[in-house]
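Visitor: I've got a chain open in the viewer and I'd like a guided walk through it. Can we take it piece by piece?

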Amino acid sequence: MHMLRRVIVGFCFLIFVGAQGVLAQDSDATLDFEQWDRVSQRAEEAIEAGRASEVAMDALRQQLVEWRSDFRDAQTRFSVATKTATAKLETLGPVPEGGDTPEVAAERARLEKTLAEAREPILRAQLAETEASELISGVDSIVQGRRTAQLLERGPTPLNPVHWNSALQALKQTNTLILNEVRTAWDYEWRSGDIQKNLPRVIALLIVGMVLVLFGRRWTENALALVQRNKVEGRRWLLGLMVSLGHLILPLTGVMIVVEACYASDLAGIRGDILLSNLPEAAFVLLFPIWLGRRVFPHDTDGSSILNLNEDHRREGRALAVVTGAILAISLLLQALSGFETWGAGARAVLLFPLILMAGVVMMRLARLLRLHIRGDDGDEDDDGASGTSSQLMRLVARGYQIAAVLGPLLAVAGYSSAAAALVFPTIYTMQYLGFLVILHRGMVRGFSMLAGMSAEAGDGTLWSVLLGFALSVASVPIVLLIWGARSQQLAEWAALIGQGLRVGEVRISPMQVVIFFAVFALGYALTRLLQGTLRNSVLPRTKIDVGGQNAIVSGVGYIGLTIAALIAIHNTGIDLGSIALVASALSVGIGFGLQTIVSNFVSGIILLIERPIAEGDWIEVGGQMGYVRDISVRSTRIETFDRTDVIIPNSDLVAGTVTNYTRGNTVGRVIVPVGVAYGTDPRKVEAILLEIAKAHPLVLANPAPYVVFQGFGASSLDFEIRAILRDVNWVLSVRSEMNYEIAERFVAEGIEIPFPQQDIWLRNAEALRKAAPIEAAGEDDGDEAEPDSSETADSDTGDNL
């Protein structure tokens, strides 16, 4: 079976096995252990002989897998009776010291007998399951051993001229046989008259198929030209991606119609049937690299190209994609014919070697293009155009591509043609699949971004884009394994083991349970957010609850909803909440000591939401920090200061500490404006002016009326204060500033002086100080004359020391 067909069939087989496992849970069929004994004996004989074909081994393995699945289902089905009998015995409890009453003793004996009878089929099913697992392992070992031996088998080298003629003769003979089959079928169909009856249908199918093959590319190019007129760049790329599939779909459909026309003519013989049956697959492996090359190496780049290459390098990439498709298509048809024809090992090696060699050359040139993209397409070895994880991955892929390009032809030259083909062609298919994943990921991201109302490029590099890429990578692992020759049965075995999950104590956690948990929790999360939005926008605004209370209700509903969603999600996965309660109780001591601060903040956050001493929008002061409350969570509260900086304060500080709330309940507050005037100013006049200024301000309330306080006699001034109540204390700084401006203007107009500190120094005995001044001056002159002598002495001492 060829590469592409094996991948498609294997992937479908995995889906079928998964569906069959789901349906098998409802099967109630009774196990036939006698039939199982015959199947197991036949399997043991086949494994011991080791002569059965791979197809027969796969069929036998599939039969064993079905039996093993039945045994596992039987254990689950029979365990119900066992659990029932065990529960009844536990209800009776242990035998008392004085013994049971006759009725209880009889019931206990009956239950013990029932339990023993219920355990017997379970034990038989367990033994049979173990036997089936061992037989499956034996089949896998034989098949894997054969494949390994085939890869390591050394044949003739293709460089030996002795085998060249045999390879040409093999091709010539196959071609002659195909023509003879067609000629013989033509003569028979012509004599019988069937060809004349089918000729109109055959001609119509050929015309339609050839039109699609020849003109499908042109039609697609015309459609792409129309798409390029779209002004939105992201939408243009997405539409271009969908329209470009015409390069693949239209010609492939034409090839399939041509194949149908050939079958309708009844001219295909045995070898012709082999070619025709593999022709659609060969057409796909030819057309897919060409389509992929057009997307990875586009004609026109608008800044959204996958690789950073210039026009010459992109043209080279498209040409290499065409050559790659031709190599894969020819190799596929050759392998199909070699499986039927009796070609010798030397002829096969010679015919396969040019394809492997050309594939190696193409891989080296493609790896060079990747490295040019990594270096920024300027050829500078020290300049990395790409950076980060993507650059490292591309560098690794390019290096692996180069290694396979060199190692493949060397293996073929050494005579390991099977190993060379198993290395080169899967590497090419893997590279193509990775390129397809990159295009698919970009298309999905841009499509989701447009559906979300964002620009198509807005989703690139976001968290959900990375998560989508990770999900695609995980989902592609089975396909990559199938490309590299993994058997679908083995993948199904691994999937079954993963599906069984991990057992932790009495709890088994399986991937399906994890998926169910996240699905149920996501549904609960969505419903909670929907309920919060309804309360916030539709219900609570129509009530008389203040904004802080509304926010507290919305936050409380969110926490309660998420808690309920988590509990329901855990319950639906089948995990016993009692076990979780035991684990939680065991961890409570550690939580009490290690997380006591977090728990304290959490409880304080709940208290804040219930009591609401502060609310969002309040102006508070706590711990030397002053600002507006912007957000209250269960762990901390965010305050925006007047400097527009955010301060995160633990909730425990708000509950246990002293908090000043300037706007609790309302925004009314007091402003105090201190003023000082010079001594000698009329205090009553100052009072009248200040009172007039306070009453004239628009933010000052008339009731209670503002007033002026004569604070006292300062060191340099008479101290007054304006005390007024504002209707909005948030403007206290602006009000104080405006009042100060008005006070300065009025005081200047009224001739009132605003003093500043002054000091007068009085000197006693001034005459005595005047007489002492000349004596001090003379003493200073003597000191100045003595300084050179000391300096000279110091200099001489220094010179002596030197």
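Guide: Sure, and keep in mind that this is a predicted model. Let's start with an open sheet of 3 strands, paired antiparallel, in the order E8-E10-E9.

Visitor: Which are the edge strands of that sheet?

Guide: Go by the pairing: an edge strand here pairs on one side only. In the order E8-E10-E9, that leaves strand E8 (669-677) and strand E9 (707-713).

Visitor: By how many degrees are neighbouring strands of this sheet turned against each other on average?

Guide: Direction is ignored for this one. The average turn between neighbours in the sheet is 25 degrees.

Visitor: And how many bridges join E9 to E10?

Guide: Strand E10 covers residues 718-726 and runs antiparallel to E9. Within this part of the sheet, Val708 stands opposite Ile722 in E10. The number of bridges joining E9 to E10 is 6.

Visitor: Which helix packs on the sheet?

Guide: Look for one touching both E8 and E10. Its direction makes about 30 degrees with that of E8. Covering residues 732-750, this is helix H22.

Visitor: Leu701 lies in the loop between H21 and E9; is Leu701 buried or exposed?

Guide: Leaving aside neighbours within four places in sequence, Leu701 is in contact with Val668, Pro706, Ile725, Leu726 and Arg727. Leu701 is also 7.5 Å from Ala724, C-alpha to C-alpha, with their positions 23 residues apart in sequence. The cut-off for buried is under 20% relative accessible area. Leu701 has 19% relative accessibility, so Leu701 counts as buried.

Visitor: There's another open sheet, with 5 strands. What is its strand order?

Guide: The pairing is antiparallel here. Strand E6 (646-650) and strand E7 (659-661) are the edges, each pairing on one side only, and neighbouring strands are turned by 40 degrees against each other on average, direction ignored. The order reads E6-E5-E4-E3-E7.

Visitor: Which residue in E5 does Tyr628 stand opposite?

Guide: Strand E4 (residues 625-632) and strand E5 (residues 636-641) pair in the antiparallel sense over 5 bridges. Opposite Tyr628, in E5, stands Glu640.

Visitor: On to helices: are H5 and H9 roughly parallel or roughly perpendicular?

Guide: Helix H5 (residues 162-192) and helix H9 (residues 270-296) pack with their axes 8 Å apart, at an angle of about 100 degrees. The range for roughly perpendicular is 65 to 115 degrees. That angle therefore makes H5, relative to H9, roughly perpendicular.

Visitor: How many residues of the contact of H5 with H9 are nonpolar?

Guide: From H5, Thr174, Leu177, Ile178 and Glu181 meet Ile270, Arg271, Gly272 and Leu275 in H9. The contact includes 2 polar and 2 charged residues. The nonpolar count is 4.

Visitor: What span does H8 reach from its first C-alpha to its last?

Guide: Helix H8 (residues 246-265) has 20 residues, and at 1.5 Å a residue 28 Å is expected. After H8 comes Asp266, with a positive phi near 60 degrees. The span in the model is close to expectation, at 28 Å.

Visitor: What is the relative accessible area of Ser331?

Guide: Ser331 lies in helix H10 (residues 311-338). Not counting residues up to four places away in sequence, Ser331 touches Leu355 and Phe425. Ser331 is buried, with a relative accessible area of 4%.

Visitor: Zooming out, what percentage of the chain's residues count as buried?

Guide: The chain holds 23 helices and 10 strands. Of its 802 residues, the share that counts as buried is 36%.

Conventions:
Residues numbered from 1 in each chain as written. Predicted model: local features only at pLDDT ≥ 70, side-chain atom pairs only at ≥ 80, totals over all residues. Heavy atoms only, no water. Pairing = 2+ DSSP bridges. Helix = DSSP H or I, 4+ residues; strand = E, 2+ residues; numbered from the N terminus. Axes fitted to C-alpha atoms, helices over the stretch in contact; angles between N-to-C directions. Contact = heavy atoms within 4.5 Å. Expected span 1.5 Å × (residues − 1). Parallel < 35°, antiparallel > 145°, perpendicular 65-115°, else oblique. Nonpolar A, V, L, I, M, F, W, Y, C, P; charged D, E, K, R; others polar. Buried < 20%, exposed > 50% of the residue type's maximum accessible area, 1.4 Å probe, protein only.
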